[in-house]
Amino acid sequence: MREVADAVGALGRAAALERAARDRSGWYARYLWVFAASQPALVPMALLWHGFTSAMVYAVANALLVTGLSVYAGRQRVVRRGFGLKHGLVVGAWALILGPAVVLGTTVFADSRPFAAAAALACALPLATGALLETRRRP
Amino acid sequence: MTTTPGNDRRPHPRHALEPLLNSAVRFSVTAALSQVDKADFAFVRDLVEVTDSALSKQVSALEEAGLVAVEKGRAGRRPRTWLSLTDEGRAAYGRHLEALREIAGGSAGL
């Protein structure tokens, strides 16, 4: 009887610890939300605003975003399971959309506001989807 | 026709328990690591509520048995020790949990 009680107690302890560890790996959802939220500002800036000032502002804004997110990620004490694969997929999908968006937005659809808006949303989509899935993953 | 109850009996699930994980601290460490790729030493220490030296001792035992991997790194200027479960550790934790569930499930028949 005591053996059973010990087993039940150990299972309860394990479940609580697993939950606590999972909860602390939720920082990645916040990371992706911030990354996604930056796209409606950064993508139109890259496509519609031309010249040296634009390039400088875009470069500084991107550098601040990437540095900020990297420092944030580097300070975390827990890395979720499958983080490398998921991050690779999300950032890879984002890059696959951003590349053609920039090429088309500076050639075929140069200075097209509707295209810039659509490109911004398209670039935010994989990041927001990743963030949403990450938020749902946690109980 | 008669049946002999003892003949087709499976061994009691307690025999499937991982001996190393019978320690509460070592079991807690593997439970905490089972949900993550890796976790900082201090995070596991705070979660499991043990001292640095107690955790260090238990992690050494787990590392020696090949259940936990220890990786030294840096976060900026600060040194950081990452802990993670090896594949073997993950499998051992899974087997241990399964055995516990079987033992706990046995209470229904008591």
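Author: First, a term: two strands pair if DSSP finds at least two bridges between them. Helices (H or I, at least four residues) and strands (E, at least two) are DSSP runs, numbered from the N terminus. What you're looking at is a predicted model, where local features need pLDDT of at least 70 and side-chain atom pairs count only at pLDDT 80 or more, while totals for chains, interfaces and linings use all residues. Residues are numbered from 1 along each chain as its sequence is written, and chains are lettered from A and ligands numbered from 1 in the order in which they are written.

Reader: OK, which residue of β1(B) is the bridge partner of Val79(A)?

Author: Look at where the chains pair up: β1(A) and β1(B), residues 36-40 of chain B, run antiparallel with 3 bridges. In β1(B), the residue bridged to Val79(A) is Lys38(B).

Reader: And which element gives the most to the side of chain A that touches chain B?

Author: Here 24 residues of chain A are in contact (C-beta atoms, placed from the backbone, within 7 Å) with 24 residues of chain B. On the chain A side, α1 (2-24) and β1 (78-80) each supply at least two residues. The one that gives the most, with 14 residues, is α1(A).

Reader: What's on chain B around there: is Gln35(B) buried or exposed?

Author: Gln35(B) sits in the loop between α1 (24-33) and β1 of chain B. Setting aside neighbours within four places in sequence, Gln35(B) is in contact with Glu18(A), Ala21(A), Arg22(A) and Arg81(A). A residue is buried if 20 or more other C-beta atoms lie within 10 Å of its own, exposed if 12 or fewer, and partly exposed in between, with C-beta atoms placed from the backbone. Because Gln35(B) has 20 C-beta neighbours inside 10 Å, the verdict is buried.

Reader: Zooming out, what is the radius of gyration of chain A?

Author: Chain A has 5 helices and 1 strand, in the order α-α-α-β-α-α from the N terminus on. The globule rule (2.2 Å times the number of residues to the power 0.38, set against a radius of gyration taken over C-alpha atoms) gives 14 Å for 139 residues. Chain A is well over that, so it is more spread out than a compact globule, with a radius of gyration of 21 Å.

Reader: How much of chain A is buried?

Author: Along the principal axes, the C-alpha atoms of chain A fill a box of roughly 75 × 25 × 20 Å. Of the 139 residues in chain A, the buried share is 27%.

Reader: How much helix is there over residues 115-133 of chain A?

Author: UniProt, in an unreviewed entry, annotates "transmembrane region" at residues 31-49, 55-75, 87-109 and 115-133 of chain A; its positions are in the numbering used here, feature names are shortened, and annotations may be inferred rather than shown by experiment. Residues 87-109 of chain A are 87% helix and 0% strand, with end C-alpha atoms 30 Å apart. For residues 115-133 of chain A, the ends are 27 Å apart, strand is 0% and helix is 100%.

Reader: Which element gives the most to the largest nonpolar core?

Author: A nonpolar core is a set of buried Ala, Val, Leu, Ile, Met, Phe, Trp, Tyr and Cys residues joined through C-beta atoms within 7 Å. The largest has 33 residues, and Ala32(B), Leu33(B), Ala39(B) and Val44(B) have the most contacts inside it. Elements supplying at least two residues each include α1 and β1 of chain A and α4 (87-105) of chain B. The top contributor, with 6 residues, is α4(B).

Reader: Which residue of β3(B) is the bridge partner of Lys72(B)?

Author: β3(B) has antiparallel bridges to β1(B), 2 of them, and to β2(B), residues 68-75, with 8. With β2(B), Lys72(B) is bridged to Thr81(B).

Reader: What is phi at Asp111(A)?

Author: Most residues other than glycine have a negative phi. Asp111(A) lies in the loop between α4 (83-106) and α5 (113-137) of chain A, and it counts as exposed because 11 other C-beta atoms lie within 10 Å. Its phi is positive, near 60°.

Key: Two residues are in contact if their C-beta atoms, placed from the backbone, lie within 7 Å.
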